[in-house]
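Open the model in your viewer and keep the sequence panel beside it. The tour goes from one selection to the next.

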Amino acid sequence: HSSVMPEETAGQKIEAKQVQNLFQLWNSALATLDPDAVAKRYSKYAVLLPTVSDVPRTNYDLIKDYFVGFLQKKPQGTILESTVSIGVNTCSDVGIYEFTMGATGDKVKGRYSFVYVWEDGEWKIQHHHSSVMPEAFLGEAPKPAAEPAAEPFFAEEAKSVPEEKGLVVAKETPTPAPRRVLKPDAQGPKPYVKNLRYDEKYGSMEKAGCLMD
C-alpha cells in the first residue's frame with residue numbers, strides 16, 4: 001500500500017461565514033487609505049476588473065495604481081447579498097455590495113465577485129470583479145417569473161386515490177404539502193415525493209409529474 005498523506009491534499013478548511021468575513025479584511029485595508037495595504041490583499045497572480053476603470057489590473061503595480069485614485073473617495077463597503085462557494089484551497093463570494101464614499105457621502109451599489117485562494121498561509125484575492133448596477137443606466141429589466149406556489153395536498157384528498165404498486169399515502173394530520181412515501185426496494189433508502197396529484201387522464205400517480213427529493 002502506498003498513498004499520499006491525506007492531510008496534505010484536503011486543503012485549507014473554511015466555513016461559509018468565514019468566506020464572507022474575508023471581505024472585511026479587504027474593507028479594513030480600504031479604511032487605511034493606503035493603496036499598498038489594499039494591493040497586498042491580492043494574490044501574486046490576481047486579476048482586478050475594477051468598477052471605475054476600463055483597464056484590467058493584472059499585477060501588483062496596476063492594482064495599487066487603481067486604488068491610489070479610488071481611495072481618495074474614502075470608500076467603505078457593506079455586503080447586501082452574498083452567495084458563497086467553497087473548493088479545495090479556493091473559495092468565492094459573489095453578490096451585491098454598497099459603498100459609502102466618506103469624501104462626499106454618496107452611496108453606490110455594485111455587483112461583485114471575489115475569488116479567494118490560499119496562498120503563503122493566508123487567504124488572498126485571486127479574482128475581483130466589480131461593476132455598477134446596470135439597470136440604473138440601461139433601464140429596468142424584466143424580473144424573473146416567480147415559481148408558482150405548489151397546490152396543497154391534504155390527506156382527505158388521498159382517500160379517493162387508488163394505491164399503485166410501490167406507493168403508500170403517508171398517514172399525516174392534514175397540513176399543506178404533506179409528503180408521500182414510496183415503498184423502498186431492498187437496495188436503497190426511502191425516497192419522497194412532493195405535491196403528488198392523481199392524474200385521472202393517465203390513471204396513475206407516476207405520470208402526474210411528481211418531484212423527487
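In which helix do Y66 and F70 both lie, and how many residues apart are they? Select the two: they both belong to helix α4, four residues apart, which is about one turn of the helix. Bear in mind throughout that this is a predicted model.

**Rings**

Keep Y66 and F70 selected and show their side chains. Both residues are buried. A search of the whole structure finds 17 aromatic pairs, and Y66 with F70 is a stacked one, with 5.7 Å centre to centre and 15° between the planes. Next, select Y97 and F114, an edge-to-face aromatic pair with 6.4 Å centre to centre and 75° between the planes. This pair links distant parts of the chain, since Y97 sits in strand β3 (residues 90–101) and F114 in strand β4, 17 residues apart.

Are Y97 and F114 buried or exposed? The cut-off for buried is under 20% relative accessible area. Y97 has 1%, so Y97 is buried. F114 has 0%, so F114 is buried.

Now widen the selection to F23, W26, Y42, Y66, F67, F70, Y97, F99, Y112, F114 and Y116, which ring pairs link into a cluster. The four residues of the two pairs just visited, Y66, F70, Y97 and F114, are among them.

**Back to helix α4**

Select helix α4, residues 60–70, and pick out G69 within it. G69 has 37% relative accessibility and therefore counts as partly exposed. Draw a distance from the C-alpha atom of G69 to that of V52: the viewer should give 9.9 Å, for residues 17 apart along the chain.

**Salt bridges**

The count of salt bridges comes to six. Begin with D65 and R57, whose closest N and O atoms are 2.9 Å apart. Colour the two by accessibility. D65 is partly exposed, with a relative accessible area of 46%, whereas R57 is buried, with 8%.

Move on to D120 and K44, another salt bridge, with the closest N and O atoms 3.4 Å apart. D120 is in the loop between β4 and β5 (122–132) and K44 is in strand β1 (residues 42–49), so the pair ties together parts that are 76 residues apart in sequence. What does the accessibility say about D120 and K44? Exposed means over 50%. D120 has 61% and therefore counts as exposed. K44 has 51%, so K44 counts as exposed too.

Then select E135 and K143, which form a salt bridge with 3.4 Å between the closest N and O atoms. E135 is partly exposed, with a relative accessible area of 32%, while K143 is exposed, with 54%. Finish this part with R41, E122 and K124, which are linked in a network of salt bridges.

**A nonpolar patch**

For the last stop, turn on the surface and select V108, V132, F137 and L138. Together they form a nonpolar patch on the surface, with about 410 Å² of accessible area. Where in the chain does V108 lie? V108 is in strand β4, residues 107–119. With a relative accessible area of 33%, V108 is partly exposed. F114, from the edge-to-face pair, lies in strand β4 as well, but F114 is buried.

Conventions
Residues are numbered from 1 along each chain as its sequence is written. This is a predicted model: local features need pLDDT of at least 70, side-chain atom pairs count only at pLDDT 80 or more; totals for chains, interfaces and linings use all residues. Side-chain values use heavy atoms; hydrogens and water are left out. Buried means under 20% relative accessible area, exposed over 50%, partly exposed in between (1.4 Å probe, protein chains only). Patches are made of residues with over 30% relative accessible area and no salt bridge: like charges are joined within 9 Å, nonpolar side chains (Val, Leu, Ile, Met, Phe, Trp, Tyr) within 5 Å. Accessible areas come from the Shrake-Rupley method with a 1.4 Å probe; for residues, only the protein chains shown count as cover. A salt bridge is a side-chain nitrogen of Lys or Arg within 4 Å of a carboxyl oxygen of Asp or Glu. Rings of Phe, Tyr and Trp (its six-membered ring) pair if their centres lie within 6.5 Å; planes under 30 degrees apart count as stacked, over 60 as edge-to-face and the rest as tilted.
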